[in-house]
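Please open the model in your viewer and keep the selection panel at hand. The stops below go from salt bridges to the core and then to the whole chain.

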Amino acid sequence: MHRTSLRLAESVTSRPLTLKRASESLLPPIPLYRRLLRAHRNLAPDMRSLGDDYVKGEFRRTKTTTNPVHIIGFLSEWKKYLDSLPPPTAPGEPDYSFKGKKLDSDLFEKMSAEQIGQLYELMHATKDVWRRADEVVDDKRGGEGSS
């Protein structure tokens, strides 16, 4: 089982994976969870709130997972996300320039229907994040009051 887990984990990274590198790159769930929430402190408040809620929900949903392959994939993907976040700036100053990155089309094609559904839900949950508050209020009123 160990060799199979390693082979499946290799597909997650672009370089060949050795046992030593795998143990260095994967963090245990609780420290990874804490680092993710700490890294979100450097984001704009709306992005931080959205990211914190998403991380908490995903970790809560996968808490009871026992399949080692799923666990390795889950931890490695969240570690890659953590590595993609901007490094901390001065304490207390969020990085408002961080906008994330585009989803790779190959990765999108490999997604299951359930994953695409989750991505669609995420898209709708985030669509108001980048709009001005007055635009959101106008939409909720049904366009009334706009000239």
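**Salt bridges, core and overall fold**

In this predicted model, a search of the whole structure finds four salt bridges, and the tour begins with some of them.

Select Arg48 and Asp52 first, and show their side chains, which meet in a salt bridge with an N to O distance of 3.5 Å. Both residues belong to helix 4, where they lie four residues apart, about one turn of the helix. Colouring by accessibility separates the partners, since Asp52 is buried at a relative accessible area of 13%, whereas Arg48 is partly exposed at 33%.

Stay on helix 4 and select Glu58 together with Arg61, which form a salt bridge whose closest N and O atoms are 2.7 Å apart. These two residues are three places apart in the helix, a separation of about one helical turn. Which of the two counts as exposed, and which counts as buried? Arg61 is the exposed partner, at 52% relative accessibility, and Glu58 is the buried one, at 13%.

Now move to helix 5 and select Glu77 and Lys80, whose side chains meet in a salt bridge of 3.3 Å, N to O. They too are described by a spacing of three residues, about one turn of helix 5. Here Lys80 is partly exposed at 39% relative accessibility, and Glu77 is partly exposed as well, with a relative accessible area of 38%.

Next, hide the charged side chains and turn to the largest nonpolar core, which has 15 residues; select Leu32, Leu36, Val55, Phe59, Trp78, Leu82 and Leu85, the members that touch the most other members. Helix 3 (29-40), helix 4 (45-61) and helix 5 (68-84) each supply at least two residues of this core.

Within that selection, centre the view on Phe59 and ask which residues are in contact with Phe59 once its neighbours within four places in sequence are left aside. The contacts are Pro29, Leu32, Tyr33, Leu36, Phe74 and Trp78.

Finally, zoom out and switch to a cartoon view, in which the protein shows eight helices and zero strands. Of the contacts in the protein with a separation of 6 or more, 59% are between residues 24 or more positions apart. Buried residues make up 24% of the 147 residues, and a surface display would represent about 11100 Å² of exposed area, of which carbon and sulfur atoms supply 56%.

Conventions
Residues are numbered from 1 along each chain as its sequence is written. This is a predicted model: local features need pLDDT of at least 70, side-chain atom pairs count only at pLDDT 80 or more; totals for chains, interfaces and linings use all residues. Side-chain values use heavy atoms; hydrogens and water are left out. A nonpolar core is a set of buried Ala, Val, Leu, Ile, Met, Phe, Trp, Tyr and Cys residues joined through side-chain atoms within 4.5 Å. Buried means under 20% relative accessible area, exposed over 50%, partly exposed in between (1.4 Å probe, protein chains only). Contact means heavy atoms within 4.5 Å. Accessible areas come from the Shrake-Rupley method with a 1.4 Å probe; for residues, only the protein chains shown count as cover.
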